[in-house]
Amino acid sequence: LALALAEMPDANGVTDTSALAITRSRVLDAHDDAFRDPAKLAPWLGFLGSQDADAIRPDPRSKPLYVTRYEALARCPWQAVLSRLLRLEQTPDPLDALPGFDPRLIGNVVHAVIERVVRQAVGDEDRSFSQALAREPVPIAWPDDEALLALALDVTRGVIVRTRKPAPGLVRTVVECAWPSLLRARAFDLGEAERFDGHGVLGAEVTGRARVDLGNGEELELLFRADRIEARGGKVCVTDFKAGAPKTSKDVKKSIPRGENLQPLVYAIAAHAAGTDARGRFLFLKSEDETEVAFDERFGEHVADLASALGTTSAAWREGAFFPRLVRADGEKEPDACRMCDVSQACLRGDSGARRALVAIAGGEADVGKAGSALTSLFALEALGKGRGR
């Protein structure tokens, strides 16, 4: 290997190819020895070191993170590192001849069109959460079908060109897929205006902060970004639009202990702290029946679950427990989310040795030595994935 590396043009800038070959061999040995010594694989299983020893990732105690960062950490810590910190992207398939797109592109277009409609009413000025709450509501003027289609085509073209050159017909195809959700958003707003006096928008893409008592003497500050703030019937709603599969109120509330779907609850907490009893809500634009899942001033019963999830994920972030979820909470099969992960090529997914090593470490059967309190966070995150709380 050292000789082969030395014969490469410029050797990739490496002068000591023998050292590189030895390092590469040790990496392979660590993978091969995973069955016998799981601790050797710890760096590739997400044990990245404590916050105090790492000057790279931001410290949530001094620099607040967005609530979606904690949700990503609860979903799969390793995926959060790869996509949110290292900002890796999926490797393009050279054999993929046809231009494709995933549901997230549709969601981005729906959000961008709704934002443009709201911006036409409130202006382009960005406002903080508190500033938006203090302003007077402005009626939303949705365009008719023809104008809405033109707006959607223009917005979609802008969304696509940020990442690729639009193939013939791609813009129109994306708009066709987003169109039903846009019509539901318009119908919902028109219905709200008819049912509630003083209905209007206060802001779009509004950023804010919320503080959550973790119940152990610590308080965690969170950042959030709400799609829209509006007034209706003397009340305020902080809205997050969802273009994906709809969820029921029961499903959303049951998922909070697992660190999922936290935004509407955080919105309600922030509004309450600002002296406004606002509803934090999801609006599912694919739903034919139940469109809204909301938390209002009676959110107190869910705060303990939120605090538990945030306490677990923030501790894991600080201690460097970023393991990949290679198995489901039952400890057997691979999670379904792995099949749709954009960064799975940088993960040990499908490696039986890595899966066995992770299960051994999580089961207390392997000593990870210097990992220290990161192991405690691993146990806590595993319990979080099973919905057991902190």
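Mentor: The bend at a residue is the angle between axes fitted to the seven residues ending there and the seven starting there. This is a predicted model, where local features need pLDDT of at least 70 and side-chain atom pairs count only at pLDDT 80 or more. Residues are numbered from 1 along each chain.

Trainee: Where does H8 have a kink?

Mentor: At alanine 178, where the angle is about 40°, shortly before proline 180.

Trainee: Why are H3 and H11 called roughly perpendicular?

Mentor: The axes of H3 (residues 67–75) and H11 (residues 300–319), lines fitted to C-alpha atoms over the stretch in contact, cross at roughly 80° and come within 10 Å. Angles of 65 to 115 degrees count as roughly perpendicular, so H3 and H11 earn that name.

Trainee: What makes lysine 253 sit over the ring of phenylalanine 295?

Mentor: The rule asks for NZ of Lys within 6 Å of the ring centre and within 35 degrees of the ring normal. The charged end of lysine 253 is 5.6 Å from the centre of that ring and counts as sitting over it.

Key: Side-chain values use heavy atoms; hydrogens and water are left out. Helices (H or I, at least four residues) and strands (E, at least two) are DSSP runs, numbered from the N terminus. Axes are lines fitted to C-alpha atoms, for helices over the stretch in contact, and angles run from 0 to 180 degrees between N-to-C directions. Angles under 35 degrees count as roughly parallel, over 145 as roughly antiparallel, 65 to 115 as roughly perpendicular and the rest as oblique.
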